[in-house]
Amino acid sequence: MAPSFSLSLLLSFMLTILLICPTHAQKNVQVSEKVLYDICHNHADHSFCLKALKSDPSASLPDLVGLTNISINLADVAANKTLELIASLKSNTSDTVLASQYESCRVFYGNIVDIIEDAKKAWKAGDYETVFVKAGGILTYNVDCSDALTFAEASSLQEANKEVYNCFTTLLRVSKRLTKDS
């Protein structure tokens, strides 16, 4: 085979692969500060979003897939810490109405933790649309917990719940951008 024909065949093959799989090329490109701004600019807590997305010290600016993983992990940690807080608060109150509100939140957060596991599996499988859908579903349970709390004594849980809300809003915005760019 002539070298020019081999080179031509190789270039044609590579071009075909790039045309067939353009989404993989976009997903794996390092995000810029502008992309971070676009993701976070309408977030309820813009600075939280930016800080969260830049929180992985091993990568200055990862790609969208990496940002989604960072967001999932941050949300997972925040949700599990909140679940632990709920258990502690519930065991330390003698107010039956407040204990009932904590129990409602415990159930909601149990669902949140289960859905996070589903989102992790979807992320590993490259199913970013499912990650986006799961993040949206989690926000519903988070808001339900917030709505269930009516006592001032629940303020520490309200703060933790707000942090979880910010984490999942960040995950929702990153996964939306990832599915948009796919």
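These legends accompany several close-up views of a predicted model.

**View 1. The whole chain is built from helices.**
Let's start with the full fold before zooming in. The protein chain has eight helices and zero strands, so reading along the sequence gives the pattern α-α-α-α-α-α-α-α. The chain holds 182 residues, and 36% of them count as buried. Take contacts between residues at least 6 apart in sequence: 74% of these join residues at least 24 apart.

**View 2. The largest nonpolar core holds 28 residues.**
Which residues have the most contacts inside this core? They are Tyr-102, Leu-157 and Phe-168. The elements that give two or more residues to the core are α5 (64-91), α6 (96-124), α7 (128-148) and α8 (155-181). With ten residues, α6 gives the most. As a general background, nonpolar side chains tend to be buried together in soluble globular proteins.

**View 3. Phe-168 and the residues it touches.**
Here we move in on one of the residues with the most contacts inside the largest core. Setting aside residues up to four places away in sequence, Phe-168 touches three alanines, Ala-75, Ala-79 and Ala-135. Phe-168 also touches Ile-112, Ile-116, Ile-138 and Leu-139.

**View 4. Another core, of 14 residues, lies apart from the largest one.**
Look for Val-35, Ile-39, Val-65 and Leu-178, which are among the residues of this core.

**View 5. Helices α5 and α8 pack against each other.**
How far apart are the axes of α5 and α8? They lie 9 Å apart, and the two helices pack at an angle of about 160°. Angles over 145 degrees count as roughly antiparallel, and α5 and α8 are therefore roughly antiparallel to each other. Their crossing is left-handed. The residues of the contact of α5 with α8 divide into 19 nonpolar, six polar and three charged.

**View 6. Asn-161 sits in helix α8.**
Is Asn-161 buried or exposed? Its relative accessible area is 2%, and the cut-off for buried is under 20%, so Asn-161 counts as buried. Leaving aside neighbours within four places in sequence, Asn-161 is in contact with Tyr-109, Asn-142, Cys-145 and Ser-146.

Methods. Residues numbered from 1 in each chain as written. Predicted model: local features only at pLDDT ≥ 70, side-chain atom pairs only at ≥ 80, totals over all residues. Heavy atoms only, no water. Core = buried A, V, L, I, M, F, W, Y, C linked by side-chain atoms within 4.5 Å. Buried < 20%, exposed > 50% of the residue type's maximum accessible area, 1.4 Å probe, protein only. Helix = DSSP H or I, 4+ residues; strand = E, 2+ residues; numbered from the N terminus. Contact = heavy atoms within 4.5 Å. Axes fitted to C-alpha atoms, helices over the stretch in contact; angles between N-to-C directions. Parallel < 35°, antiparallel > 145°, perpendicular 65-115°, else oblique. Left-handed = near helix turned anticlockwise from the far one by under 90°. Nonpolar A, V, L, I, M, F, W, Y, C, P; charged D, E, K, R; others polar.
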